[in-house]
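Welcome! Here are some short exercises, each followed by a solution that goes step by step. Keep the sequence and the 3D view open as you work.

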Amino acid sequence: MNPRLSNMFTEEELKDIEGLKRGSDFIEVKCGCTSRKYGDTIGKLRVFTNGQFLISCECTPYCEEEKLTPYDFEKHSGKEGTRKWKNHIWVVMKNKKVPLWRTVLLRYYKHASNGANELTSTRAKRLFHRDEFVRCSRCKKERRFRLRTDEECRRFHDAAKARKWKCANWPYDKITCKVDEERASRKSCRGCPRSPSCKGCTTCVCFGCFKCRFLDCKCRTCVDFVQNAEP
């Protein structure tokens with residue numbers, strides 16, 4: 001074990017935690033958060049030697065949320081009620097879900113180390129595009145598109161305006177029309193940072209910006225936006 005990690009936790013303290021992996025300056029364990037509506041959202045929690053906690057979400061095969069704070073992971077999972085991530089996020093020990101507050105992991109959680117990450121996360125949410133869906137022209141199933149980056153916004157834009165878009169054109173994985181579409185309960189979770197089950201608000205719905213409208217596109221939506229945008 002890395003000398004710095006050995007100063008944090010002993011082998012005995014970590015032996016029963018499922019999914020344990022060690023890096024140069026962190027340990028990684030399997031974690032999760034349970035919502036009555038959406039069930040278990042699984043992730044990988046990394047505890048760094050500087051006291052920072054970051055979670056990589058695995059709620060769906062194509063989820064790209066890799067650096068969530070515990071607070072944001074709790075919100076992302078759709079957990080109802082008050083925000084008490086230390087109680088609601090759990091790890092698996094001896095086949096049982098154990099809340100973080102009952103483990104040794106919180107011993108090295110430092111608010112200062114996580115503050116910069118949470119501030120960055122808050123700033124990023126000011127410019128946010130929720131997930132959208134495009135319907136296959138063949139099987140009529142809807143497929144999710146993430147709109148976090150410029151490239152992802154362009155992928156969705158081009159797919160949405162295509163007359164005969166098909167499941168085979170989905171940019172994340174190679175799929176066919178035989179693959180099941182998402183459950184209705186999961187589809188209602190579109191990534192809004194204010195509320196997981198949000199149906200559309202000023203935080204997650206964009207009515208046009210230079211991230212989701214394109215100068216080289218000749219569709220009416222983009223043309224109108226470019227012509228009326230402030231210089």
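Two strands count as paired if DSSP finds at least two bridges between them. Please keep in mind that this is a predicted model.

**Exercise 1. Find the strand that pairs with β7, and name the bridge partner of F133.**

Step 1. Start with strand β7, which covers residues 132–135. Strand β8, residues 142–145, pairs with β7 in the antiparallel sense, and four bridges connect them. That meets the cut-off of at least two bridges.

Step 2. Now look across from F133: its bridge partner in β8 is R144.

Step 3. Follow the chain between the strands. β7 and β8 make a hairpin with six residues in between, and K140 in the turn has a positive phi of about 70°.

Step 4. Return to F133 and look at its ring. K187 lies over the face of F133, 5.4 Å from the ring centre.

**Exercise 2. Trace the partners of strand β2.**

Step 1. Strand β1 (residues 21–22) runs antiparallel to β2, and two bridges join them. Here R22 stands opposite I27, and the hairpin of β1 and β2 has three residues between the strands.

Step 2. Next comes β3, joined to β2 by 10 bridges and also antiparallel. E28 stands opposite R46 in β3. The hairpin from β2 to β3 passes through three residues.

Step 3. Strand β5 (residues 89–93) is antiparallel to β2 as well, with three bridges. In this pairing C33 stands opposite I89.

Step 4. Finally, check how covered the strand is. Of the 10 residues of β2 (residues 26–35), eight are buried.

**Exercise 3. Is G43 buried or exposed?**

Step 1. Locate G43 in strand β3, residues 39–48.

Step 2. Its relative accessible area is 0%. Buried means under 20%, so G43 is buried.

Step 3. For a sense of distance, take L54: G43 and L54 are 11 residues apart in sequence, and their C-alpha atoms are 10.0 Å apart in space.

**Exercise 4. Describe the largest cavity and its lining.**

Step 1. Rolling a probe the size of a water molecule over the atoms shows where empty space is left. The count is one cavity of 30 Å³ or more.

Step 2. The largest cavity holds about 120 Å³ of space. It is lined by 13 residues, and those closest to its centre are C59, H76, D131, R144 and C189. You met R144 before, as the partner of F133.

Step 3. Sort the lining by class: four residues are nonpolar, three polar and six charged.

**Exercise 5. Which helix gives the most to the lining of the second largest pocket?**

Step 1. This pocket has a volume of about 260 Å³. Among its 16 lining residues, E132, L147, F156, C212 and R213 are the closest to the centre.

Step 2. Helix α6, residues 150–161, gives the most to the lining, with five residues.

Step 3. By class, the lining has nine nonpolar, three polar and four charged residues.

**Exercise 6. Find the aromatic cluster that includes F156.**

Step 1. The model has seven aromatic pairs.

Step 2. Ring pairs link F156 with F145, W165, W170 and Y172 into a cluster.

Step 3. Another ring has a charge for company: the charged end of R154 sits over F214, 4.6 Å from the ring centre.

How values were computed:
Residues numbered from 1 in each chain as written. Predicted model: local features only at pLDDT ≥ 70, side-chain atom pairs only at ≥ 80, totals over all residues. Heavy atoms only, no water. 1 Å grid on protein atoms, 1.4 Å probe; cavity = no way out; pocket = protein on both sides within 12 Å on 5 of 7 lines; lining within 4 Å. Points joined across faces, edges and corners; volume = space filled by probe spheres on them. Nonpolar A, V, L, I, M, F, W, Y, C, P; charged D, E, K, R; others polar. Phe/Tyr/Trp six-rings, centres within 6.5 Å; stacked < 30°, edge-to-face > 60°. Lys NZ or Arg CZ within 6 Å of the ring centre and 35° of its normal. Buried < 20%, exposed > 50% of the residue type's maximum accessible area, 1.4 Å probe, protein only.
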